[in-house]
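I opened a new page in my notebook to keep track of what I look up, one entry at a time. Here is what I have in front of me.

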Amino acid sequence: MTPPQPPVLVERDGRVGRLVLNRPRTLNALDREMVDRLTGALDTWERDDAVAAVVLSGAGERGLCAGGDIRGIHEDVRQGGGADSARFWAAEYRLNARIARYPKPYVALMDGVVMGGGVGVSAHGSVRVVTERSRVAMPETGIGFVPDVGGTWLLSRAPGELGTHLALTAGAVGAADALLCGLADHFVPADRLADFAAALSHTPPADAVARYATVPPESELAGQRAWIDTCYDSDSVPEILARLRDHGGTAAKEAAAAVESKSPTSLKVTLAALRRARDLTSLEAALEQEYRTSVAALSSPDFAEGVRARIIDKDRSPRWSPGALEEVSEEEVARHFAPPDSGDLRLDVRI
C-alpha cells in the first residue's frame, strides 16, 4: 500500500521552499498538525540562506484552503469543552503573525476557495496572488463565530466600509474585489498560474509578478462604494440593517437579507471587533483580541448550532439563541472581549 502523504508537503525547489496544503478532500482545512508543520518549515527556512522565498499553495482543484477544521473544533467543543480548540487557535494565530513578519518573500497562491483560516495563511503574506477562480471570504458570522486569523485587522483597513460589508454578510469576493479590499496584491490568470509558480524556483518574486501578472477583471464592489459606505457607517447593527432596508437598491436589500440570516450575537460582536481593530496599532494586537472572541464563542450556543446547520446536518436552518438583535445584551457582547479563564494570548506586538 502507498503510505499516506503528510497534510502539508514541505519541499525545496531551486531558490524557494514550497508549502502545499495537502488535504484536498476537506478542501485543505487546517488542523493543528498542519499549523505545526507550516511553522516548523518557516523556522527552518528563515535560517537557510539558500532559500530566498517561500511559496504556499493548495492541493486539489478546488482551492487553497476552506478554513480551519470546523468539524474537529465542533467535536472538541461537544466532547471536551473546547480546550484543544483554544490551543489550536493560539498556535494558528502565532503562525498568522509569523507570516506577516517573515523576513523573506512569502508568496501565497490564492487560487480557488480561500476562506477563514485560508485567509490567515495567505493574506498576511508579502506577495498575494489571485486568479479569476478565487473566492475569498471571512464567513464566520454564518456559523455563529467572529472573524479571526487577523481578519478583523484586514477588514477594518479595507477602503471605506467594504470590510464591514464583507464581515457582516459573510460574502465571498472574486479577484478584483480582493485586490480592492487589500486582501491580495496581484492578478495572474489561472492558465498562467502554473508557469508563474514554476518561475519562482529561479526568479525573484517581483520579476515573476512583472512577467505573469495582468489587469484583473472589473471590480463589482468599486461601483457600490456609495451605498456601502453610507449604510455601514454606524456602530449599531440594527441601524445598519435599517439603512440597508431603506436604501431602495436591490444590492442593499440583498445585503440586508444576508445580514439578517446570520447569528445576532456574532453580528454584534463582529461589528464591535471591527471598530476596536481600527484603533489597534498592530496585527498582533488584533490577533490577541480575536483570541478572546474566539474562546468566548466556544461557550456560545450559536457556534455549535451554526456548525451543525452548515457543516454537520447541512440543513442551513440554524436556530440562533438569542434569535433577535435586540435580545443580545451589551453584557454579552462585552463578555467576548474579556480575558478568558485560561489566560490571554500574548504575542510579540510590534508597532
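My entries below cover the nonpolar cores, the aromatic pairs, the charges over rings and one partly exposed residue.

**Entry 1: the model.** I note before anything else that this is a predicted model, and I keep that in mind for each entry that follows.

**Entry 2: the nonpolar cores.** I asked which residues of the largest nonpolar core touch the most other members. Of its 84 residues, these are Leu19, Leu21, Leu38, Met110, Val121, Tyr232 and Leu244. I then looked up which helix gives the most to this core, and it is helix α3, residues 83–100, with nine residues. Apart from this core lies another one, of 16 residues, and I wrote down Val16, Val55, Ala199 and Leu200 as being among them. A general remark for my own use: in soluble globular proteins, nonpolar side chains tend to be buried together.

**Entry 3: around Leu244.** I picked one core residue and listed its contacts, leaving out residues up to four places away in sequence. Leu244 touches Trp227, Cys231, Tyr232, Ala252, Lys253, Ala255, Ala256 and Val259.

**Entry 4: the aromatic pairs.** How many aromatic pairs are there? I found that the count comes to four. One of them joins Trp89 and Phe145, which are stacked, with 5.3 Å from centre to centre and 25 degrees between the planes. Because Trp89 lies in helix α3 and Phe145 in the loop between β8 (135–137) and α5 (151–156), this pair ties together parts that are 56 residues apart in sequence. I also asked whether Trp89 is buried or exposed. Trp89 has a relative accessibility of 3%, so it counts as buried, and Phe145, at 4%, counts as buried too.

Tyr93 and Tyr291 form an edge-to-face pair, 6.4 Å centre to centre and with 90 degrees between the planes. This pair links distant parts of the chain, since Tyr93 is in helix α3 and Tyr291 is in helix α14 (residues 283–297), 198 residues apart. Both Tyr93 and Tyr291 are buried. I added that ring pairs link Trp89, Phe145 and Phe303 into a cluster.

**Entry 5: charges over rings.** I found Arg157 over the face of Trp153, at 3.5 Å from the ring centre, and Arg276 over the face of Phe337, at 3.9 Å from the ring centre.

**Entry 6: Asp207.** I found Asp207 in helix α9, residues 205–212. Its relative accessible area is 45%, and therefore Asp207 is partly exposed. Asp207 and Thr131 are 76 residues apart in sequence, and their C-alpha atoms are 18 Å apart in space.

Terms used:
Residues are numbered from 1 along each chain as its sequence is written. This is a predicted model: local features need pLDDT of at least 70, side-chain atom pairs count only at pLDDT 80 or more; totals for chains, interfaces and linings use all residues. Side-chain values use heavy atoms; hydrogens and water are left out. Helices (H or I, at least four residues) and strands (E, at least two) are DSSP runs, numbered from the N terminus. Buried means under 20% relative accessible area, exposed over 50%, partly exposed in between (1.4 Å probe, protein chains only). A nonpolar core is a set of buried Ala, Val, Leu, Ile, Met, Phe, Trp, Tyr and Cys residues joined through side-chain atoms within 4.5 Å. Contact means heavy atoms within 4.5 Å. Rings of Phe, Tyr and Trp (its six-membered ring) pair if their centres lie within 6.5 Å; planes under 30 degrees apart count as stacked, over 60 as edge-to-face and the rest as tilted. A charge sits over a ring if NZ of Lys or CZ of Arg is within 6 Å of the ring centre and within 35 degrees of the ring normal.
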